[in-house]
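Here are my notes for a colleague new to this entry. Please read them with the model open beside you.

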Amino acid sequence: MAFLYHQIRCIVAVLFLIGQHNEQPEIIDDLLDIDKHPCKPQYSMAAEFPLVLYDTHFEGIQWIYDQDEQRVNITHLQKRWTSENTRSVMLKRMLDGLNSVPFPSISAEIQPMESRIEPKDTELQTSEVEP
């Protein structure tokens, strides 16, 4: 399963590059030519999170669902939704908190280096040391 999953991510990455005009559409046929490219091409994989197949439609097919498995799947997805939603709310509140912090004006905050350096006496001071 992992092979297919990674293969799809690699294919989608190339399709994104074509869509962004960073590759020509002909690259697909070119990459499928194993004489020209006997090894895996070196492209980054597309992000995995938007690449989830969650719905299909086939004409004339009536799916049969097992009630117990359906309950397991629903429970799993509800738990996952709760966890992801909680994380989402936490991140939103963190961002809101950071965005609510007032920034001092740049001119007041950044001073020239010379004005931050304390002037030092250039005279050497000696003290008598008793033997």
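1. Start with R80. This residue counts as exposed, because its relative accessibility is 51% and the cut-off for exposed is over 50%. Note that the model is predicted.

2. R80 has a partner. Its side chain meets that of E84 in a salt bridge, with 4.0 Å from N to O. Both residues lie in helix 3, four residues apart, which is about one turn of the helix. E84 is partly exposed, at 40% relative accessible area. Side chains of opposite charge can pair when their charged atoms come close.

3. How many salt bridges does the structure hold? There are five. Two others deserve a look alongside the pair in helix 3.

4. Take E48 and R9. They form a salt bridge, and their closest N and O atoms are 3.6 Å apart. E48 lies in the loop between helix 2 and helix 3 (67-99), while R9 lies in helix 1, so the pair ties together parts that are 39 residues apart in sequence.

5. Is R9 buried or exposed? R9 is buried, because its relative accessible area is 12% and buried means under 20%. Its partner E48 is partly exposed, at 37%.

6. Next, K36 and D30. Their side chains meet in a salt bridge, at 2.6 Å from N to O. K36 is exposed, with a relative accessible area of 55%.

7. Now step back to the whole chain. The secondary structure comes to five helices and zero strands. Read from the N terminus on, the elements run α-α-α-α-α. The protein chain has 131 residues, and buried residues make up 7% of them. R9 is one of the buried residues.

8. Look next at the largest pocket. About 510 Å³ of space lies in it. The lining has 17 residues, and the closest to the pocket centre are Q7, C10, I11, K40 and P41.

9. Which helix gives the most to that lining? Helix 1 does, with six residues. Helix 1 (2-19) and helix 2 (27-32) each supply at least two lining residues. By class, the lining has 12 nonpolar, four polar and one charged residues.

10. P41 is worth a closer look. It is among the residues closest to the centre of the largest pocket. P41 lies in the loop between helix 2 and helix 3. That is also the loop that holds E48. P41 is partly exposed, with a relative accessible area of 29%. P41 and L31 are 10 residues apart in sequence, and their C-alpha atoms are 7.4 Å apart in space.

11. The surface has a nonpolar patch to check. I11, L15, I28 and L32 make this patch, which covers about 360 Å². Helix 1 and helix 2 are the elements that give two or more residues to the patch.

12. Where does I11 sit? Its place is in helix 1. I11 counts as partly exposed, at 42% relative accessibility. I11 belongs to the nonpolar patch, and I11 is also among the residues closest to the centre of the largest pocket.

13. To sum up helix 1. R9 lies in this helix and pairs with E48 of the loop between helix 2 and helix 3. Helix 1 also gives the most to the lining of the largest pocket, and two or more residues to the nonpolar patch.

Definitions and conventions:
Residues are numbered from 1 along each chain as its sequence is written. This is a predicted model: local features need pLDDT of at least 70, side-chain atom pairs count only at pLDDT 80 or more; totals for chains, interfaces and linings use all residues. Side-chain values use heavy atoms; hydrogens and water are left out. On a 1 Å grid over the protein atoms alone, a cavity is a set of points where a 1.4 Å probe fits but cannot get out, and a pocket is an open set with protein on both sides within 12 Å along at least five of seven lines; lining residues have an atom within 4 Å of a point. Grid points are joined across faces, edges and corners, and a volume is the space filled by probe spheres set on the points. Ala, Val, Leu, Ile, Met, Phe, Trp, Tyr, Cys and Pro count as nonpolar, Asp, Glu, Lys and Arg as charged, and the others, Gly among them, as polar. Patches are made of residues with over 30% relative accessible area and no salt bridge: like charges are joined within 9 Å, nonpolar side chains (Val, Leu, Ile, Met, Phe, Trp, Tyr) within 5 Å. Accessible areas come from the Shrake-Rupley method with a 1.4 Å probe; for residues, only the protein chains shown count as cover. Buried means under 20% relative accessible area, exposed over 50%, partly exposed in between (1.4 Å probe, protein chains only).
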